[in-house]
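Biologist: I have a few quick things to ask about this model. Can you pull it up?

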Amino acid sequence: MPNIVVVGTQWGDEGKGKVVDVLTPIVNVVVRYQGGNNAGHTVVVGRDKYVFHSIPSGILHRGCTCIIGCGVVIDPGSLIEELESLVQRGVALDGNLFISKNAHLIMPYHPALDLASEAHLGKRRIGTTGRGVGPAYMDKAARVGIRMADLLDERLFREKLEYNVAQKNRILREIYDAQTFGVEAIFQQYRRYAGWLAPYITDTALLLHRLIEAGRSVLFEGAQATMLDIDHGTYPYVTSSSTTAGGAATGTGVPPTKINGVLGISKAYCTRVGGGPFMTEVYGEMADRLRARGNEYGAVTGRPRRCGWADAVALRYAARINGLDTIALTKLDVLDTCETLRICVGYRYGGEVLTDFPEEERIWHEAEPVYEELEGWQDEIGGATAFGDLPAAARTYLERLQELVGVAIGVVSVGPGREQSLTAGGSGAPTLGG
Ligand code: IMP
């Protein structure tokens with residue numbers, strides 16, 4: 001059985017949770033490898049809606065082992081809330097969830113630093129989710145972070161906490177003129193968290209190694225997306241982790257040689273939440289229409305998402321950086337009412353049309369998108385059960401996108417339900433067909 005990475009190809013919110021949920025019955029393990037509770041992975045089961053922040057989306061399936069890998073940063077309070085709400089809704093947590101000892105903790109001063117830093121950045125603010133994810137990764141890189149294993153070692157935890165609180169209080173007070181923290185309250189609160197979470201904390205890299213040796217197949221659930229990657233995204237308007245497929249290895253301890261494939265998730269159009277460049281952004285009536293039909297509001301913060309046309313330049317870049325084998329295209333039905341559709345095929349900058357995604361911030365802000373226009377299908381496609389059921393214009397749209405990106409579109413979703421996912425015949429079929 002293969003081990004595959006599921007990765008977002010745009011700026012997040014592509015519907016990764018839904019795709020992971022659909023794929024979970026054919027894998028044994030689902031592991032998150034980066035990000036934290038800045039993620040909001042939505043899964044709709046009948047009339048029930050679940051939004052996962054730190055827990056892998058596979059948890060709804062009995063028999064699936066769910067792992068939070070070492071590359072994730074964990075806010076224990078938020079994680080416990082998520083666990084309790086799942087238990088209340090009847091989801092079993094009986095030896096099916098494991099948390100890496102090496103995962104770093106989000107501490108109460110991290111969200112405070114996140115918000116204070118954003119307030120200071122002014123018009124260059126990133127528009128973070130305010131969950132403290134960036135400052136937690138800062139501490140990890142600075143080698144002063146506190147890990148899940150430390151939570152189980154009272155003396156070491158206190159020592160690291162004392163150092164961090166003293167250091168962060170100076171920054172909060174002297175740079176940001178913000179509220180400071182006391183060691184004792186955090187210590188007591190995190191002792192309680194330790195009691196709660198201790199049964200789940202283990203060496204997950206070793207566990208994954210043993211599971212893979214035993215022939216179990218693993219799905220690596222990416223959070224956020226390619227264009228938000230700390231190295232490959234639209235820096236500095238990115239999140240602080242390695243969201244691309246490469247992060248799956250470092251964020252779990254599974255070597256790249258054990259990973260067999262990468263599935264990219266893309267919306268049929270584009271959205272972005274927060275600040276930063278967005279080459280195909282639209283405004284006015286069309287933006288409102290996409291937002292309303294796609295319910296484009298942040299799953300974590302409720303912020304309205306910025307909306308735009310499909311960007312084949314960025315998507316081809318995502319295909320290259322992640323080594324995509326196949327694309328799952330979500331929310332095609334959101335385009336049902338469009339008279340015409342646009343796909344960006346290049347960026348016009350300085351008298352040239354660029355077709356390879358540029359790395360310069362100035363170009364992202366100043367380039368003009370070059371569009372190809374296609375006819376809309378103006379029909380409801382939510383009831384389609386096979387590719388062949390789709391109107392000709394919808395198939396043309398998919399075929400053109402596939403051609404421009406150079407990767408097969410193997411799955412298309414036409415609505416929020418589990419059953420509204422169409423798969424192309426044959427694995428990695430290069431063309432769409434009946
Ligand atoms: P942070 O991850 O909270 O530091 O936010 C950094 C950037 O990533 C901001 O533009 C956020 O809006 C964006 N971001 C973080 N998580 C998500 C997500 O799950 N979906 C979409 N955007 C996200």
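Biologist: Which residue follows α4, and what is the sign of its phi?

Modeller: Arg143 follows α4, and its phi is positive, near 65 degrees. Helices here are DSSP runs of H or I with at least four residues, strands are runs of E with at least two, and both are numbered from the N terminus. Bear in mind that this is a predicted model: local features need pLDDT of at least 70, side-chain atom pairs count only at pLDDT 80 or more, and totals for chains, interfaces and linings use all residues. Residues are numbered from 1 along each chain as its sequence is written, and side-chain values use heavy atoms, with hydrogens and water left out.

Biologist: Which residues of α4 are buried?

Modeller: Helix α4 covers residues 133–142, and its buried residues are Val133, Gly134, Pro135, Ala136, Tyr137 and Asp139. Buried means under 20% relative accessible area, exposed over 50%, and partly exposed in between, with a 1.4 Å probe and protein chains only.

Biologist: What do they pack against?

Modeller: The buried residues of α4 pack against β6 (73–74), β8 (104–105), α3 (109–121) and α6 (154–175). Contact means heavy atoms within 4.5 Å.

Biologist: Strands next. How do β3 and β4 run, parallel or antiparallel?

Modeller: Antiparallel: five bridges join β3 (residues 41–45) to β4 (residues 48–52). Two strands pair if DSSP finds at least two bridges between them. Val45 has Asp48 in β4 as its bridge partner.

Biologist: What sits between those two strands?

Modeller: Two residues, in a hairpin. Gly46 is in the turn and has a positive phi of about 60 degrees.

Biologist: And β5, which strand does it join?

Modeller: β5 (residues 65–68) is joined to β7 (residues 97–100) by three bridges, and the two run parallel. Ile68 stands opposite Ile99 in β7. β7 also pairs with β9 (residues 201–202) in the parallel sense, over two bridges. There, Ile99 has Ile201 as its bridge partner.

Biologist: Now the ligand. Which residues come nearest?

Modeller: Of the 15 residues around the ligand, the nearest are Asn38, Thr129, Thr239, Val273 and Arg303. A residue counts as near if one of its heavy atoms lies within 4 Å.

Biologist: Which polar atoms face the ligand from Asn38, Gly127 and Gln224?

Modeller: An N or O atom in the Asn38 side chain is 2.8 Å from a ligand oxygen. For Gly127, a backbone N or O atom lies 3.3 Å from a ligand oxygen. A polar side-chain atom of Gln224 is 3.2 Å from a ligand nitrogen.

Biologist: How much of the ligand does the protein bury?

Modeller: The protein buries 96% of the 480 Å² that the ligand exposes when taken alone. Accessible areas come from the Shrake-Rupley method with a 1.4 Å probe; for residues, only the protein chains shown count as cover.

Biologist: How many disulfides are there?

Modeller: Zero. A disulfide here is a pair of cysteine sulfur atoms within 2.5 Å.

Biologist: Why is Cys70 not bonded to Cys66?

Modeller: Because the Cys66 sulfur, the closest one, is 17 Å from that of Cys70, too far for a bond. Cys270 is in no disulfide either; its nearest cysteine sulfur, in Cys344, is 9.1 Å away.

Biologist: Is Cys270 buried or exposed?

Modeller: Buried, with a relative accessible area of 2%. Cys70 is buried too, at 17%.

Biologist: Last one: where is His61, and what does it touch?

Modeller: His61 is in the loop between β4 and β5. Leaving out residues up to four places away in sequence, His61 touches Asp21, Thr24, Pro25 and Arg418.

Definitions and conventions
Polar contact = N/O pair within 3.5 Å; in protein donor to acceptor, adjacent residues only side chain to side chain.
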